[in-house]
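Subject: Handing over the structure

Dear colleague,

I am passing this structure on to you, and since you are new to it, I have put what was found into words below. Please have the sequence and the 3D view open as you read.

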Amino acid sequence: MKPSRSALLSLGSALVLSATVALPSAAQAAPAPADGGAVVREWYDITAQTVAAAGAPTQVTNSRTWAISWIAAARAGREAPRGRDRAAFQDAAVASAVHDALVDLAPSRTAVLDAALAETLRRIPDGRAEDRGLAAGARQAKLALADRRGDGLDPASVNAPFTVPAAAPGVWQPTPDGYAPAAQYGNRVAKPFLLDSPDQYRIGPPPALDSRRYRADLAEVRAYGAADSTVRTARQTETATFWYGSSLTLYTEPLRVAVTRSHGSAAERAALVGLFHAALVDTQIATSDSKYAYTRWRPVTAIRTGAIAPDQTWTPLHQTPAHPDYPSGHNTYSGAAEVILDALAGPRTAPFALSSPTAPGVQRTYTSWEQLTRDNVDARIFSGIHTRSADEAGVTLGKAVGRHALSNAGALLAPLG
């Protein structure tokens, strides 16, 4: 049950401050526009902190948490009446929706979330607009949560067991060092937010093993992706290491930059966050569909056991994830993110600095979302874990899913009930 306003206000702000996870310096440095958006930025950061502190072990489950919370916020904000109290209604609606959704999805953070809502409410004028906004947020959060119950994006469903096919040229097998079982197999049957089916944009097959393209792909990874590569430059090694981490984590700052620099209303900014994450959930579902449709082996398997001058000692720069090569999940993510951000925030922005948990102390500066995609394509080759064909196919698939999300955004963001 949602706590009363008076109960929330009785919680001290000290709880919020003591439980807050530090944000990356680049995100904190993003300039705040003069026209507001403080509540959206505040609850964006709270969502990031909640996922970091109590998130699931599966990325798509955490993307789902973002999507549900912010779709509910966007829907609630769109219920605001016209007039001078519209901003107060939207601020209360966004805070209430994200709060209630996160309490349901990360119950261990309830006390922190309650205190954060209390702090937000202190800054919203008391009155009918605030009360109606709170009620709209609570209603839309409840409906959004109910709509996604049993969608197959819980960790157990995501990592449903996969029977590994018999070893054969081109067929995925568990990879060194850990030879872990296949991950994300269950994504392929999960319920999308916007796609008609997981296979709606299934990409064409990977290059044939005896094709010139595949031979070039493998030669490139063999040379540039080896742990002991003599041709990969220091900058290329840094690119691989910088983009090795979770796409969800790495894109949290760029999306925050886009939201912070937006001049839209609270509801419009919430829609950007909600649509971004709905598209990225669908992208991860579509990625697994294509990966397990083709079960293409990873470069490390091809190089160690393949017919093209096998090298049983070859080792990639970075550990290979436990799922098939084609297409690259990092690049489906970057392709979809690029399409959404280009459409809703413009293809270029003032320079912003980006940091990475897998490359401590390194910052990179970007001025367009497409630059992030380009770095992702190269990074997975320099890491030794994907072919260029897999990376480029991933971008293609991600962009197709992103365009589908934009075309169907109206239905997703319309208030329920």
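A place to begin is Gln-184, which is found in the loop between H9 and H10. Please keep in mind throughout that the model is a predicted one. Although Gln-184 is not a glycine, it has a positive phi of about 65 degrees, and with 29% relative accessibility this residue counts as partly exposed. Tyr-179 also has its place in the loop between H9 and H10, and its phi, near 50 degrees, is likewise a positive value in a residue other than glycine. Asp-177 lies in the loop between H9 and H10 too, and the peptide bond that leads to Asp-177 from Pro-176 is cis, with omega near 10 degrees. These points are worth a look because most residues other than glycine have a negative phi, and most peptide bonds are trans.

A cis bond is also found from Tyr-326 to Pro-327, with omega near 0 degrees; Pro-327 belongs to the loop between helix H15 (299–305) and helix H16 (329–345).

Turning to the aromatic rings, a search of the whole structure finds 13 aromatic pairs. One of them is formed by Phe-162 and Tyr-185, a tilted pair at 4.9 Å centre to centre with 50 degrees between the planes. Both Phe-162 and Tyr-185 lie in the loop between helix H9 (155–158) and helix H10 (212–224), so the pair ties together parts that are 23 residues apart in sequence. Phe-162 counts as buried, because its relative accessibility is 18%, and the cut-off for buried is under 20%. Tyr-224 and Phe-382 make another tilted pair, with ring centres 6.2 Å apart and planes at 45 degrees. Since Tyr-224 lies in helix H10 and Phe-382 in helix H17 (residues 369–382), this pair ties together parts that are 158 residues apart in sequence. Of these two residues, Tyr-224 counts as partly exposed at 30% relative accessibility, whereas Phe-382, at 7%, counts as buried. Ring pairs also link Phe-242, Trp-243, Tyr-251, Tyr-333, Phe-352, Tyr-366 and Trp-369 into a cluster.

Phe-242 of that cluster is also one of the buried residues in helix H11 (residues 234–242), together with Gln-236, Thr-239 and Ala-240. What covers the buried residues of H11 includes H10, helix H12 (247–250), strand S1 (348–355), strand S2 (363–368) and H17.

As for internal space, a search of the whole structure finds one cavity of 30 Å³ or more, and the volume of the largest cavity is about 50 Å³. Its lining consists of Ile-68, Ile-71, Arg-75, Ala-144, Asp-147, Arg-148, Phe-193 and Leu-412, which divide into five nonpolar, no polar and three charged residues. Helix H5 (59–77) and helix H8 (128–147) each supply at least two residues of this lining, with H5 giving the most, at three residues. Two of the lining residues, Arg-148 and Phe-193, also meet in another way, as Arg-148 lies over the face of Phe-193 at 3.7 Å from the ring centre. Elsewhere, the charged end of Arg-296 sits over the ring of Tyr-214, 5.0 Å from its centre.

Lastly, Pro-57 lies in the loop between helix H4 (38–54) and H5 and counts as exposed, at 76% relative accessibility. The C-alpha atoms of Pro-57 and Pro-155 are separated by 6.9 Å, while the two residues are 98 residues apart along the chain.

With kind regards

Definitions and conventions: Residues numbered from 1 in each chain as written. Predicted model: local features only at pLDDT ≥ 70, side-chain atom pairs only at ≥ 80, totals over all residues. Heavy atoms only, no water. 1 Å grid on protein atoms, 1.4 Å probe; cavity = no way out; pocket = protein on both sides within 12 Å on 5 of 7 lines; lining within 4 Å. Points joined across faces, edges and corners; volume = space filled by probe spheres on them. Helix = DSSP H or I, 4+ residues; strand = E, 2+ residues; numbered from the N terminus. Nonpolar A, V, L, I, M, F, W, Y, C, P; charged D, E, K, R; others polar. Phe/Tyr/Trp six-rings, centres within 6.5 Å; stacked < 30°, edge-to-face > 60°. Buried < 20%, exposed > 50% of the residue type's maximum accessible area, 1.4 Å probe, protein only. Lys NZ or Arg CZ within 6 Å of the ring centre and 35° of its normal. Contact = heavy atoms within 4.5 Å.
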